[in-house]
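Trainee: I'd like to go through this model with you, one question at a time. Let's get the vocabulary straight before we pick it apart.

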Amino acid sequence: MTDPLRLYAAGSLRLALTPLLATFSERYAVDVVPTFGPAGLLSEKIIYGDAVDIFASANCAHPLRLKALGLAEETHVFTRNHLCIVMRNVPELTAQSWLMALLDPRFVLSTSTPGSDPGGDYAFELFDRIECLHRGWGRQLRDKAKPLVGGWLEQAIPAGMTAGSYLIRSGRSDMHIGYASYLPLLLNQPDLHVVHLPDPYRIDAEYMLAIMKPARREARLLANTLLSPEGQNFLVNKGFASLF
């Protein structure tokens, strides 16, 4: 009997990969045991000895580091995402521009944890972009932002909610910078307001997978499934961008 395929994957992929993995397992008679979480922390676990067959990260840096360390056989970009902002739907926030809202000292701004979670790294990339365009503002946002999710003390997010909606509804944050792939869970929510970042503020995220050594045939099969038109459709249906 074939050993289960061990997958570590970024938490933002959970909604897209869960149905894809079910289809994959049924078609190829391969059990997949997924672990979802902040990609930076998962990468560290692999480096320190966790046995994994395939790693799907929300950035390229972590898989490329695993390959440079000789732990990964090969890497492939398999989808893309971008940032958006979700905020409490109150006039004090929505009546002003999104950038002024972020800077408003009356309101809490949250992100994922930089270093541990690529979502936090992308948020701070946005702050750097803002600093280039509006000197001093990006630095203010770096100092203001609270990394409330994606760290070692990860908290469970209730089903049907995103980190941003949970933090806002629980009163811990007023605005959260997160992934646009969560838009299906954020739109048409009367208590939430979603901001699409315009050019030149748009921050794109490339997701990369790593096939770990020793490379198993089943891991290559799953990687090929993710890269196939069918696999891309699973991702697109959950808010990600296709490679095609």
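Mentor: Sure: a residue is buried under 20% relative accessible area, exposed over 50%, and partly exposed in between (1.4 Å probe, protein chains only). Keep in mind that the model is predicted, so to say: local features need pLDDT of at least 70, side-chain atom pairs count only at pLDDT 80 or more, and totals for chains, interfaces and linings use all residues. Residues are numbered from 1 along each chain as its sequence is written, and side-chain values use heavy atoms, with hydrogens and water left out.

Trainee: Then take Ala29: is it buried or exposed?

Mentor: Ala29 sits in the loop between H1 and S2 (helices are DSSP runs of H or I with at least four residues, strands are E runs of at least two, numbered from the N terminus). Its phi is positive, about 55 degrees, although it is not a glycine. With a relative accessible area of 65%, Ala29 counts as exposed.

Trainee: What is the relative accessible area of Asn188?

Mentor: Asn188 is another residue other than glycine with a positive phi, near 60 degrees. Look for Asn188 in the loop between H9 and S8. Asn188 is exposed, and its relative accessible area is 79%.

Trainee: Which residue does a cis peptide bond join to Asp199?

Mentor: Check omega, which is about 10 degrees for that bond. The partner is found in the loop between strand S8 (192-196) and S9. That partner is Pro200.

Trainee: And which loop holds Pro214?

Mentor: Pro214 is also in a cis peptide bond, with Lys213 on the other side and omega about -10 degrees. Pro214 is in the loop between S9 and helix H10 (217-227).

Trainee: Zooming out, what share of the 244 residues is buried?

Mentor: The chain has 11 helices and nine strands. Its C-alpha atoms fill a box of roughly 60 × 35 × 35 Å along the principal axes. Of the 244 residues, the buried share is 49%.

Trainee: How many aromatic pairs does a search of the whole structure find?

Mentor: Rings of Phe, Tyr and Trp (its six-membered ring) pair if their centres lie within 6.5 Å; planes under 30 degrees apart are stacked, over 60 edge-to-face, and the rest tilted. On that count the search of the whole structure gives seven.

Trainee: How many residues apart in sequence are the parts tied together by Phe78 and Tyr207?

Mentor: The ring centres of Phe78 and Tyr207 are 6.2 Å apart and the planes stand at 90 degrees, so the pair is edge-to-face. Both residues are buried. Phe78 lies in strand S4 and Tyr207 in strand S9 (residues 204-212), so the parts tied together are separated in sequence by 129 residues.

Trainee: What is the relative accessibility of Tyr207?

Mentor: Tyr207 also pairs with Phe240: centres 5.4 Å apart and planes at 80 degrees, so this one is edge-to-face. The pair links distant parts of the chain, with Tyr207 in strand S9 and Phe240 in the segment after helix H11 (229-236), 33 residues apart. Phe240 is buried at 5%. Tyr207 counts as buried too, with a relative accessibility of 0%.

Trainee: Which residues form one aromatic cluster?

Mentor: Two of the members pair edge-to-face, namely Tyr207 and Phe240. The full cluster is Phe78, Tyr122, Tyr179, Tyr207 and Phe240.

Trainee: Now the empty space: what is the volume of the largest pocket?

Mentor: On a 1 Å grid over the protein atoms alone, a cavity is a set of points where a 1.4 Å probe fits but cannot get out, a pocket is an open set with protein on both sides within 12 Å along at least five of seven lines, and lining residues have an atom within 4 Å of a point. Points join across faces, edges and corners, and a volume is the space filled by probe spheres set on the points. The largest pocket is lined by 36 residues, with Gly11, Ser12, Ile157, Ala163 and Tyr182 nearest its centre. Its volume is about 730 Å³.

Trainee: Which element gives the largest share of that pocket's lining?

Mentor: Elements giving two or more residues to the lining include helix H1 (14-28), helix H8 (163-169) and strand S7 (175-179). The largest share, four residues, comes from S7.

Trainee: Which element gives the most to the lining of the largest cavity?

Mentor: The search finds two cavities of 30 Å³ or more, and the largest holds about 40 Å³. Leu20, Thr23 and Phe24 are among its lining residues. With five residues, the top contributor is H1.

Trainee: And how much space lies in the second largest cavity?

Mentor: Its lining includes Ser12, Tyr182 and Phe240. The space in the second largest cavity is about 30 Å³.
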